[in-house]
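User: I have a chain open here and would like to talk through its strands, its charged pairs and a few odd backbone angles. Could you go through it with me?

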Amino acid sequence: MKKIAGKINGWDTAYKKNPQQFTEPEKICALTDVLFPKYGVHRILDLGCGNGRHLVYFGKAGYQVFGTDLSGWGLQAANKWASQENIPSRLALADMQSIPFAEDSFDAIISFKVIQHNLEVDIQATFREIERVLRKDGLLVMDLLRYDPDFERFKKSTMVEPHTFVPRSGLEKGMPHHAFTKAEVFELLHTWNIKFFNTQPDKKHYTIVAQR
Ligand SMILES: C[S@@+](CC[C@H](N)C(=O)[O-])C[C@H]1O[C@@H](n2cnc3c(N)ncnc32)[C@H](O)[C@@H]1O
């Protein structure tokens with residue numbers, strides 16, 4: 001179990017063993033292909049970019065792409081893949097609670113299967129950072145773990161605070177997983193304009209597009 005900046009991140013070891021953990025873009029990209037040009041998106045931050053599948057996807061489409069992640073091995077993989085595709089990589093090793101960019105830096109922030117890796121207090125801090133670096137009217141495209149009391153995986157985890165589970169084994173052992181209710185998502189985004197919200201077919205995640 002490796003600790004980075006005081007946090008356990010099993011993904012770091014995973015990227016070290018296999019740098020191409022994720023290769024295909026999320027399905028929501030079919031919608032962002034339409035929304036991003038409509039909302040004047042040029043600069044995109046991938047918060048928790050991992051090995052860079054979305055940096056490559058949006059970089060190839062001509063967007064300026066930036067990525068942050070807590071895993072050095074993930075960033076190394078992302079950097080290599082982006083270089084192979086001739087996409088300028090602007091990457092930073094950073095915890096999502098402290099995004100190393102200035103106010104209003106981005107037209108869009110994307111974040112897939114990342115923000116859930118937080119205790120509640122850190123979720124609040126992450127959203128404050130997102131609101132700081134995303135310009136007014138910018139878009140946030142993300143997925144969040146969906147709370148389901150019957151979800152088998154939670155039963156093999158320890159609940160450390162309401163709806164926050166820490167797996168006792170496996171790749172994500174020791175990493176917090178906050179599972180959101182729909183009401184919680186809408187409360188969290190009450191100052192945002194939610195443009196798209198759905199439960200993914202596997203029922204494990206929500207996909208959300210919101211405008212600041
Ligand atoms: C399931 S992977 C998803 C990676 C990428 N978003 C994708 O869709 O391919 C979760 C990612 O979150 C990153 N992560 C976990 N905790 C983090 C934190 N506190 N700050 C930034 N990134 C974090 C991990 O290093 C890992 O790359």
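**Strands, charges and surface**

Analyst: Gladly, and we can begin with V160, which lies in strand 8, residues 157-161; please keep in mind throughout that this is a predicted model.

User: How exposed is V160?

Analyst: V160 is partly exposed, with a relative accessible area of 47%.

User: And which residues make the nonpolar surface patch with V160?

Analyst: L119 and V121 join V160 there, and the nonpolar patch made by these residues covers about 250 Å² of surface.

User: Let's go inside. Is strand 6 buried or exposed?

Analyst: Six of the six residues of strand 6 are buried, so this strand is largely enclosed by the rest of the structure.

User: Which strands does it pair with?

Analyst: Strand 3, residues 43-47, runs parallel to strand 6 and is joined to it by three bridges, and within that pairing L45 has I109 of strand 6 as its bridge partner. Strand 6 also pairs with strand 7, again in the parallel sense, over five bridges, where A108 is matched with L139 of strand 7.

User: What about S111, where is that found?

Analyst: S111 is found in strand 6, and its relative accessible area is 0%, which means that it counts as buried. Its side chain has a polar atom 2.9 Å from the backbone oxygen of L47. Leaving out residues up to four places away in sequence, S111 touches D46, L47, V141, M142 and D143.

User: D143 is charged. Which salt-bridge network does it belong to?

Analyst: D143 is linked with E26, R53 and K113 in a network of salt bridges.

User: How many salt bridges are there by the usual distance rule?

Analyst: The count comes to twelve. One of them is formed by the side chains of D95 and K7, with an N to O distance of 2.9 Å. Since D95 lies in the loop between strand 5 and strand 6 while K7 belongs to strand 2, residues 7-8, the pair ties together parts that are 88 residues apart in sequence.

User: Are those two buried or exposed?

Analyst: D95 is buried, at a relative accessible area of 18%, whereas K7 is partly exposed, at 22%.

User: What about K60, which residue does its side chain meet in a salt bridge?

Analyst: The side chain of K60 meets that of E85, and the N to O distance is 3.7 Å. K60 lies in helix 3, residues 53-60, and E85 in the loop between helix 4 and strand 5, so this pair ties together parts that are 25 residues apart in sequence. As for their surroundings, K60 is exposed, with a relative accessible area of 57%, while E85 counts as partly exposed at 31%.

User: And R212, what does that one pair with?

Analyst: R212 forms a salt bridge with D104, and the side chains meet at 3.7 Å, N to O. This pair links distant parts of the chain, 108 residues apart, with R212 in the segment after strand 12 (205-211) and D104 in the loop between strand 5 and strand 6. Both are partly exposed, R212 with a relative accessible area of 33% and D104 with 48%.

User: I had D104 on my list for its backbone too. What is its phi near?

Analyst: The phi of D104 is near 60 degrees, a positive value in a residue other than glycine. As background, most residues other than glycine have a negative phi.

User: What is the phi of D137, and where does that residue lie?

Analyst: D137 also has a positive phi, about 70 degrees, although it is not a glycine. D137 lies in strand 7, which spans residues 134-145, and at 35% relative accessibility it counts as partly exposed.

User: Last one, S89. Where does it lie, and what is it in contact with?

Analyst: S89 lies in the loop between helix 4 (72-84) and strand 5 (90-93), and it is partly exposed, with a relative accessible area of 31%. Setting aside neighbours within four places in sequence, S89 is in contact with N79 and A82, and a polar contact of 2.6 Å joins the side chains of S89 and N79.

User: How far is S89 from K204?

Analyst: Those residues are 115 places apart in sequence, and C-alpha to C-alpha they are 31 Å apart in space.

Key: Residues are numbered from 1 along each chain as its sequence is written. This is a predicted model: local features need pLDDT of at least 70, side-chain atom pairs count only at pLDDT 80 or more; totals for chains, interfaces and linings use all residues. Side-chain values use heavy atoms; hydrogens and water are left out. Patches are made of residues with over 30% relative accessible area and no salt bridge: like charges are joined within 9 Å, nonpolar side chains (Val, Leu, Ile, Met, Phe, Trp, Tyr) within 5 Å. Accessible areas come from the Shrake-Rupley method with a 1.4 Å probe; for residues, only the protein chains shown count as cover. A salt bridge is a side-chain nitrogen of Lys or Arg within 4 Å of a carboxyl oxygen of Asp or Glu. Helices (H or I, at least four residues) and strands (E, at least two) are DSSP runs, numbered from the N terminus. Buried means under 20% relative accessible area, exposed over 50%, partly exposed in between (1.4 Å probe, protein chains only). Contact means heavy atoms within 4.5 Å. A polar contact is a pair of N or O atoms within 3.5 Å; within protein, one must be able to donate a hydrogen and the other to accept it, and residues adjacent in sequence count only if both atoms are side-chain atoms. Two strands pair if DSSP finds at least two bridges between them.
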